[in-house]
Amino acid sequence: MESIKQKFFRAAVPLVMLAVSAALSVFVYRLPQPVREPMPVLMYHHMVPEGQDCNAMTITPGKFRADLDIILAKGYTPVLPGELAAGAPLPEKPILITFDDGYRSNYDLVYPILREYGVKACISIIVLMPDLPTDNFCTWEQLREMTDSGLVEVGSHSYRLHNLGEDKGNYEKDGTNGVERRPGESDGDFQARVLDDIQKSHDRIAAELGSVTCFAYPFGCTDPDAKALVDALFPVSLMTVPQCADLAKGLHDLPRYAVHMETNLADLLN
């Protein structure tokens, strides 16, 4: 025969479940809207002066200004990866503007426009480049100036995993790109070539600029072992899949829309 205590618990279970369901409903309802709605992430690379020919990786200042006009007119507020990682309340319609590689044009042409509009962007650099005497990429001094402005966050695009040899930085079709493991590559060789590179990219930026939050996968390619290290080192990581980012699923492997001169941002953000 069922005891009084057993009857009590049998009757209480549905009530407890109902209370938990109600609490969860309130929690979900109170989640900030940006967490429940997809967030666009835009991917740019290089900027050239007006009148110069553009390719899939380049835009002009006029194009970027037009894009920012559309972004702001549609009510979006550009945010930085660090703001996402901090977990603080986000604006109603956040958007993440990113530039890959760290070209000098990001300082000479992009940064003045960011200051003009008062908007934020993340620049993920090939970390080797500011360590070299080159005129084509940002220097550590320029990156520090942009970071200190509060408008720019510098992320890693690896130290040198960009096919910088005979492929001259280009994607190698049917080959090994970015952090991908080469066929037959041993764990030791992969550690030395890829994992040490990712770690070095993190440590160099942190040493020069104080911290680093974001990693953009070169060529949008990944690998399980490399991903494990990236996820451990960087709270935010970026891919190249053309769709909106669902922040409710986390901050790693965020998809991005590539933007070039022919991209109609008004349609893309509808």
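Which side chains meet in a salt bridge at 2.7 Å, N to O? They are Asp 253 and Lys 227, and you'll find them in the second close-up below. A quick heads-up before you zoom in: this is a predicted model.

**View 1. The whole protein, before the close-ups.** Here you have 270 residues, with 43% of them buried. The protein is built from nine helices and ten strands. Take the contacts between residues at least 6 apart in sequence: 66% of these join residues at least 24 apart. As for charged pairs, the structure holds twelve salt bridges, and the next few views pick out some of them.

**View 2. Asp 253 and Lys 227 pair up across the chain.** This salt bridge has an N to O distance of 2.7 Å. The two partners sit 26 residues apart and link distant parts of the chain. Lys 227 belongs to helix H8 (residues 224–233), while Asp 253 lies in the loop between strand E9 (236–238) and strand E10 (257–258). Buried or exposed, then, or something in between? Asp 253 has a relative accessible area of 30%, so it counts as partly exposed. Lys 227 comes in at 25%, so it is partly exposed as well.

**View 3. Arg 65 reaches Glu 116.** The side chains of Arg 65 and Glu 116 form a salt bridge, at 3.0 Å from N to O. This pair also ties distant parts of the chain together: Arg 65 is in helix H3 (residues 61–73) and Glu 116 is in helix H5 (residues 105–117), 51 residues apart. Arg 65 is partly exposed because its relative accessibility is 31%. Glu 116, at 48%, is partly exposed too, because the exposed class only begins over 50%.

**View 4. Arg 181 with Asp 187, plus a salt-bridge network.** Arg 181 and Asp 187 make a salt bridge, with 3.2 Å between the closest N and O atoms. Asp 187 counts as exposed, at 59% relative accessibility, whereas Arg 181 is partly exposed, at 24%. Elsewhere in the model, look for a group of four: Asp 131, Arg 144, Arg 204 and Glu 208 are joined in a network of salt bridges.

**View 5. Inside the largest nonpolar core.** This core has 50 residues, and the ones touching the most other members are Tyr 44, Phe 64, Ile 71 and Ile 198. Helix H7 (residues 187–209) is the top contributor, giving six residues. Zoom in on Ile 71 and skip its neighbours within four places in sequence: what's left in contact with it is Leu 42, Tyr 76, Ile 95, Ile 97, Leu 265 and Leu 269. There's another core apart from this one, made up of 14 residues, including Val 79, Leu 90, Leu 96 and Leu 238.

**View 6. Helices H5 and H6 pack together.** At what angle do H5 and helix H6 (residues 140–148) pack? It's about 20°, with the helix axes 10 Å apart. That angle is under 35 degrees, so H5 and H6 count as roughly parallel to each other. The crossing of H5 past H6 is left-handed. To see the residues that meet, pick Asn 106, Tyr 107 and Tyr 111 on the H5 side and Gln 142, Glu 145 and Met 146 on the H6 side. H5 is also the helix that carries Glu 116 from View 3.

Methods
Residues numbered from 1 in each chain as written. Predicted model: local features only at pLDDT ≥ 70, side-chain atom pairs only at ≥ 80, totals over all residues. Heavy atoms only, no water. Helix = DSSP H or I, 4+ residues; strand = E, 2+ residues; numbered from the N terminus. Buried < 20%, exposed > 50% of the residue type's maximum accessible area, 1.4 Å probe, protein only. Core = buried A, V, L, I, M, F, W, Y, C linked by side-chain atoms within 4.5 Å. Contact = heavy atoms within 4.5 Å. Axes fitted to C-alpha atoms, helices over the stretch in contact; angles between N-to-C directions. Parallel < 35°, antiparallel > 145°, perpendicular 65-115°, else oblique. Left-handed = near helix turned anticlockwise from the far one by under 90°.
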